[in-house]
Amino acid sequence: MSTTTDTAVPVVDLSTYGCPLYFVMARQALSRLADGERVVFLFAAGESADQLRDGLAEDGHRVLAVEQGSDGVRVEVEKGG
């Protein structure tokens, strides 16, 4: 069961992009958010979740969750200041 609320977290599908383009696209998506807002990024299995997590953390963002599944990786991020 899925519930939609006013605070729904946007999902950005980056699964068609390879490295480093998915990282660039993630940074662009975060630039459109206010500090403290969250976003979920989806990207293809086999891409390095650690690399994405580390790069976003270096940019001052907070990685809340990394979930790896058979069809890809889901990364939830909170924009930092």
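Me: Why is R74 called partly exposed?
Reply: In this predicted model, R74 has a relative accessibility of 27%. Residues count as buried under 20% and as exposed over 50%, with partly exposed in between, so R74 at 27% belongs to the partly exposed class.

Me: What makes the pair R74 and E76 a salt bridge?
Reply: The nitrogen-to-oxygen distance between the side chains of R74 and E76 is 3.9 Å, and since a salt bridge asks for a Lys or Arg nitrogen within 4 Å of a carboxyl oxygen of Asp or Glu, this pair satisfies the rule. The bridge is part of a network, in which salt bridges with shared partners join R38, E67, R74 and E76.

Me: How do you know that E76 also forms a salt bridge with R38, and what does this pair tie together?
Reply: The closest N and O atoms of E76 and R38 are 2.5 Å apart, and this is within the 4 Å limit. E76 sits in strand β4 and R38 in strand β2, which covers residues 38-43, so their bridge connects parts separated by 38 residues in sequence.

Me: Is each of these two partners, E76 and R38, buried or partly exposed?
Reply: E76 has a relative accessible area of 11%, and because buried means under 20%, E76 is buried. R38 has 34%, which places R38 in the range from 20% to 50%, so R38 is called partly exposed.

Me: How do you know that D54 and R53 form a salt bridge?
Reply: Their closest N and O atoms are 3.6 Å apart, and as the limit is 4 Å, the pair qualifies. D54, at 40% relative accessible area, is partly exposed, and R53, at 31%, is partly exposed as well. For the whole structure, a search finds six salt bridges.

Me: Why is K79 said to have no salt bridge?
Reply: K79, located in the segment after β4, is buried, and the nearest side chain of opposite charge, that of D35, is 4.4 Å away. A salt bridge must fall within 4 Å, so the distance from K79 to D35 does not meet the rule.

Me: What does the side chain of K79 reach instead, and what makes that a polar contact?
Reply: The side chain of K79 reaches the backbone oxygen of L33 at 2.7 Å, and because a polar contact needs N or O atoms within 3.5 Å, the distance fits that limit. Apart from neighbours within four places in sequence, the residues in contact with K79 include L30, A34, D35 and H61.

Me: How do you know that the buried residues of α2 lie on the same side of the helix?
Reply: The buried residues of helix α2 are A49, L52, G55 and L56. Around the axis they cover an arc of only 135°, which puts them on the same side of α2. Among the elements that cover these residues are α1, β2, β3 and β4.

Me: What makes the buried residues of α1 line one face?
Reply: In α1 the buried residues are Y22, F23, A26, A29 and L30. Viewed down the axis of α1, they fall within an arc of 120°, so they line one face of the helix. Their cover includes β1, β2, α2 and β4.

Me: Why is A45 called partly exposed, and which residues is A45 in contact with?
Reply: A45, found in the loop between β2 and α2, has a relative accessibility of 45%, and since only values over 50% count as exposed and those under 20% as buried, A45 is partly exposed. Leaving aside neighbours within four places in sequence, A45 is in contact with G69, S70, D71 and G72. A45 and D71 are 26 residues apart in sequence, while their C-alpha atoms are 5.9 Å apart in space.

Me: How many helices and strands does the chain have, and in what order do they run?
Reply: The chain has two helices and four strands, and from the N terminus on the elements run β-α-β-α-β-β. Of the 81 residues in the chain, 28% are buried, that is, they have a relative accessible area under 20%.

Note on methods: Residues are numbered from 1 along each chain as its sequence is written. This is a predicted model: local features need pLDDT of at least 70, side-chain atom pairs count only at pLDDT 80 or more; totals for chains, interfaces and linings use all residues. Side-chain values use heavy atoms; hydrogens and water are left out. Buried means under 20% relative accessible area, exposed over 50%, partly exposed in between (1.4 Å probe, protein chains only). Lys and Arg count as positive and Asp and Glu as negative; His and the chain ends are not counted. A polar contact is a pair of N or O atoms within 3.5 Å; within protein, one must be able to donate a hydrogen and the other to accept it, and residues adjacent in sequence count only if both atoms are side-chain atoms. Contact means heavy atoms within 4.5 Å. The arc is that of the directions from the helix axis to the C-beta atoms.
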